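Biologist: I am new to this structure and would love a close look at the site around the ligand. Could you walk me through that part, and then show me what else is worth finding on the way out from there?

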Amino acid sequence: MGTIRSFEDYQEQYKKSIEDPEAFWATIAGEFQWRKKWNKVLEWDFHKPEVKWFIGGKLNITENCIDRHLPQRAKQTAIIWEPNNPKDEALHITYQQLSEEVGKTANMLKAQGVKKGDRVCVYLPMIPQLAYTLLACARIGAVHSVVFAGFSAKSLIDRITDAGSTIVVTADGGFRGDKTINLKGIVDEALEKCPDVSRVIVYEHTKTKAPMKVGRDLWWHEEIKKVNAQCPAEEMDAEDLLFILYTSGSTGKPKGMVHTCGGYMVYTNYTFRTAFNYEEGQVYWCTADIGWITGHSYILYGPLSAGATTVMFEGVPSWPDWGRFWQAIERHKINIFYTAPTAIRSLEKAPISFVESHDLSSLKVLGTVGEPINEEAWNWYDKNIGKGKCPIIDTWWQTETGGFMISPIAHATKLKPAFATLPLPGVQPAVMNESGLEIKGNNIEGRLTIKFPWPSMARTIYGDHQRFKDTYFSTFPGKYFTGDGCKRDEDGYYRITGRVDDIIIVSGHNLGTAEIESAITEHKNVVETAVVGFPHDIKGQAVYAFVILHDKPGNDETLRGEIRETVSKIIGPIAKPDKIQFVSGLPKTRSGKIMRRILRKVAEGDTANLGDTSTLLDPAVVDEIKAGAL
Ligand code: 6R9
């Protein structure tokens, strides 16, 4: 499908994609290397729900991300690895080297008995071995299940158990700025509760002491020596599982979103090339961690299938100083830079000299993802980083969608600060009101749904199809419900207003209120708690917890510290509440439901108009909560 270079191109492609979606996607899919062509492009039913793309097609995504590039690009850099410490040397891994490393890693996994369909838990820092491991799984048809290496032992237990992983690939540790995280220690703690894990492969990275359990744990560097670099790719059906990736749910346990091989490959490739207006030879940097969907789709699969040079960064934006990103852009002559609003907001607070001391003239296109970007941050990014000449693509999408859904197309779409703008070709949004009717026309606001399938949509929640249906296809029957609210302005441009369910997005990371609440109640002095989000300058949103205690503590701050530690231990440091208010009761309806609406208002500091509180069991608690608001 022709590249989009103008708004007219976009309109034309969009029209084609709506009028004949199957022909549209078949043309794009035709650009890939298939072992066997599909018999039928699409079958779908959003009521069941069931979606299948490229039915009967056979492929291996790694042949498309690696092998097919080798004739022209063997010597081109596939991955630039920028280490945590800028004093250490960056690595340039060519497509040829990538092919060999992935082949070896795949053979190493095979030697441990990993087969097609097995779920491999990956708990690695942002080092090249993370990329090798995912591609190696894909090579042999194993399903990768990455757990972000900032998550706790408890999160790891939940994900290993839910996916039924029997092998974990990890490292001794990971670096994040001046901290070293003892990953193997966390794995060991988790595995006490995961009796089915029989193998752990440990990459030595930080030289953190890692006790090895005989019969279970193996060193990567020892095993990799035993295998060769040639590993034939397993033939996969288009609808075979490629990976599981967990995302927070609004109730309880995380949801293992299932992505499949064919549609995911086609869509992440198409959206990467189209939205960023990627040109051959450009160097691209997405600052996300591969532990999130952004890293899966737009550090690995999208860019590599497009034959791009993609950067993996191990560190953090603030260490050794706030110039770290800009220094790396200068060093690697980055052309396309993709980051999160939360990073932009914290970088904005640092002295501008950190930006000005670096040459950013290689930049052509900027992007953001993860949460709504406020206009001020957008303008700062545009002026100081893009120097007013780089389009900013504000990409709205989700773990569930696999790839960009609503986003400007660089150099084609006229931008508006803080707007994700228009649906990409193939994406058919519908905005719904609370009574379940579609709101047509412009200048409207409602709940964002998608009414037609796109190739990279999640197919199910691993092991729980009913929950998939209940969460995404029941609120508005026949439509995929995103959980987000949005506005559509007079030009038909979309602005995402944020979650309308019980998910809080802290620094771009989704956290379920139920998950945080259950962590807080693990503290022995906590009777009950309710958690809401509140606006935060840098993080976008932060966590506010209302907590009922058994005993009034001697020192509030000590107890707050303990509660934060409990949450950090159970979920991870990102979920720690910023504010903890001790209360004697929570505003509950007669049926026992917590009225979060009221708590949200209190947390936002907007207590003047709390709306109707007459349905509460005990309206007096509201006054107490208001009086004690932090
Ligand atoms: C890719 C990713 C998904 C949720 C999503 C929405 C929020 C993501 C956004 C955005 C406004 C954007 N979100 N991108 N909100 N503008 N450009 O972040 O996936 O971690 O699953 O989060 O993030 O609320 O529903 P995931």
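**The ligand site and beyond**

Modeller: Happy to! By class, the shell around the ligand is made up of 7 nonpolar, 6 polar and 4 charged residues. Please keep in mind that this is a predicted model. There are 17 residues around the ligand, and those that come nearest are Asp394, Thr395, Thr399, Asp484 and Arg499.

Let us take the polar contacts one at a time. Asp484, one of the residues that come nearest, has a polar side-chain atom 2.5 Å from an oxygen atom of the ligand. Asn510 also uses its side chain: an N or O atom there is 3.2 Å from an oxygen atom of the ligand. With Glu371 the backbone takes part, as one of its backbone N or O atoms lies 3.4 Å from a nitrogen atom of the ligand. On its own the ligand has 530 Å² of accessible area, and the protein covers 96% of it. If you would like to trace the shell along the chain, look for α11 (293-305), β20 (392-395) and β25 (494-499), the elements that give two or more residues to it.

Now for the open spaces elsewhere in the model. The second largest pocket has a volume of about 330 Å³. It is lined by 21 residues, of which Asn269, Arg273, Tyr278, Glu280 and Ala306 are the closest to its centre. Helix α10 (residues 261-275) provides the largest share of this lining, 4 residues. By class, the lining of the second largest pocket has 6 nonpolar, 8 polar and 7 charged residues.

Enclosed space is a separate matter. The count comes to 1 cavity of 30 Å³ or more, and the largest cavity has a volume of about 100 Å³. Its lining includes Pro125, Met126, Phe148, Ala149 and Gly150, along with Ile181, Leu183, Asp289 and Glu314. Gly174, Phe175 and Arg176 line the largest cavity too, and strand β9 (residues 174-176) gives the most to that lining, with 3 residues. Sorted by class, the lining of the largest cavity has 7 nonpolar, 2 polar and 3 charged residues.

A few places in the backbone also deserve a visit. Most residues other than glycine have a negative phi, and most peptide bonds are trans. Against that background, the peptide bond from Lys48 to Pro49 is cis, with omega near -15°. You will find Pro49 in the loop between β1 (40-45) and β2 (50-55). Another cis peptide bond joins Trp319 and Pro320, where omega is about 0°, and Pro320 sits in the loop between β17 (309-313) and α12 (324-332). Lys207 is not a glycine, yet it has a positive phi of about 60°; look for Lys207 in the loop between β11 (199-203) and β12 (217-219).

Finally, here is a signpost from the records. An unreviewed UniProt entry carries the annotation "domain: Acetyl-coenzyme A synthetase N-terminal" for residues 10-65. Over residues 10-65 the chain is 43% helix and 25% strand, with the end C-alpha atoms 26 Å apart.

If you want a place to begin turning the model, try Asp484, whose polar side-chain atom lies 2.5 Å from a ligand oxygen atom, and then move on to Asn510 and its 3.2 Å pair with an oxygen atom of the ligand.

Notes: Residues are numbered from 1 along each chain as its sequence is written. This is a predicted model: local features need pLDDT of at least 70, side-chain atom pairs count only at pLDDT 80 or more; totals for chains, interfaces and linings use all residues. Side-chain values use heavy atoms; hydrogens and water are left out. A residue is near a molecule or strand if one of its heavy atoms lies within 4 Å of it. A polar contact is a pair of N or O atoms within 3.5 Å; within protein, one must be able to donate a hydrogen and the other to accept it, and residues adjacent in sequence count only if both atoms are side-chain atoms. Accessible areas come from the Shrake-Rupley method with a 1.4 Å probe; for residues, only the protein chains shown count as cover. Ala, Val, Leu, Ile, Met, Phe, Trp, Tyr, Cys and Pro count as nonpolar, Asp, Glu, Lys and Arg as charged, and the others, Gly among them, as polar. On a 1 Å grid over the protein atoms alone, a cavity is a set of points where a 1.4 Å probe fits but cannot get out, and a pocket is an open set with protein on both sides within 12 Å along at least five of seven lines; lining residues have an atom within 4 Å of a point. Grid points are joined across faces, edges and corners, and a volume is the space filled by probe spheres set on the points. UniProt positions are given in the numbering used here, feature names are shortened, and annotations may be inferred rather than shown by experiment.
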